[in-house]
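Please open the structure in the viewer and display side chains. This tour proceeds by selection, stating at each stop what is to be found there.

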Amino acid sequence: MKCAGSPTTGKIMSSIEIRCAYADDLPVMQDIARRTIDECYRPFLGDDNVNWYINSGESDKELEKYIENCDVLLKNGGVVAFAVDFDVLIHLLMVDLRLHRSGLGSTLLEHTETQLYNDGKSTIRLETFENNDQAIGFYLKHGWIE
């Protein structure tokens, strides 16, 4: 399990906490993912693909599959963002749409990077869709290279 030895689990910054995801967090995480995919992924995946991914339940299953590799960011006690990582890969990072551009994504990305490096990884990588310009811009702004 990824979080067992995590040096930053439970990190508290004012009203923000980052901790391992619990099974009870899954419905909120799935809601954040469905809303984010619905709102942000249509320009590069198309309506049919987005509708299928959400309506088929595959989006929900993806989070169920990786819950043990997930950290959540809580603001004022509620889950508002999450990151999934394993091995040397940041697989997913999503922030509630209502809180985009609030600095929470940057905080969670820094936490995830630090956790992977502290776990002995010398190189890490991440995944995003090729035409996801919003995510690509975010990662480039934070020093990542394609």
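The stops below concern the aromatic rings of this predicted model.

A pair of aromatic rings is described by the distance of the centres and the angle of the planes. With ring centres required to lie within 6.5 Å, the count comes to six aromatic pairs.

First stop: select tyrosine 41 and phenylalanine 129. Their ring centres are 5.5 Å apart and their planes meet at 75 degrees, so this pair is edge-to-face. Now show the backbone around both residues. Tyrosine 41 sits in the loop between helix H1 (26-40) and helix H2 (42-45), while phenylalanine 129 sits in the loop between strand E6 (125-126) and helix H6 (133-141); the pair therefore ties together parts that are 88 residues apart in sequence. Tyrosine 41 is buried, at 13% relative accessibility, whereas phenylalanine 129 is partly exposed, at 39%.

Second stop: select tyrosine 66 and phenylalanine 86. This aromatic pair is stacked, with 5.0 Å from centre to centre and 15 degrees between the planes. Tyrosine 66 belongs to the loop between helix H4 (58-65) and strand E3 (70-75), and phenylalanine 86 belongs to strand E4 (residues 78-86), so the pair ties together parts that are 20 residues apart in sequence. The relative accessible area of tyrosine 66 is 16%, and because buried means under 20%, this residue counts as buried. Phenylalanine 86, at 22%, counts as partly exposed.

Third stop: return to Tyr41 and Phe129, and add Phe44 to the selection. Which aromatic cluster do these residues form? Tyr41, Phe44 and Phe129 together make up one aromatic cluster.

Technical notes. Residues numbered from 1 in each chain as written. Predicted model: local features only at pLDDT ≥ 70, side-chain atom pairs only at ≥ 80, totals over all residues. Heavy atoms only, no water. Phe/Tyr/Trp six-rings, centres within 6.5 Å; stacked < 30°, edge-to-face > 60°. Helix = DSSP H or I, 4+ residues; strand = E, 2+ residues; numbered from the N terminus. Buried < 20%, exposed > 50% of the residue type's maximum accessible area, 1.4 Å probe, protein only.
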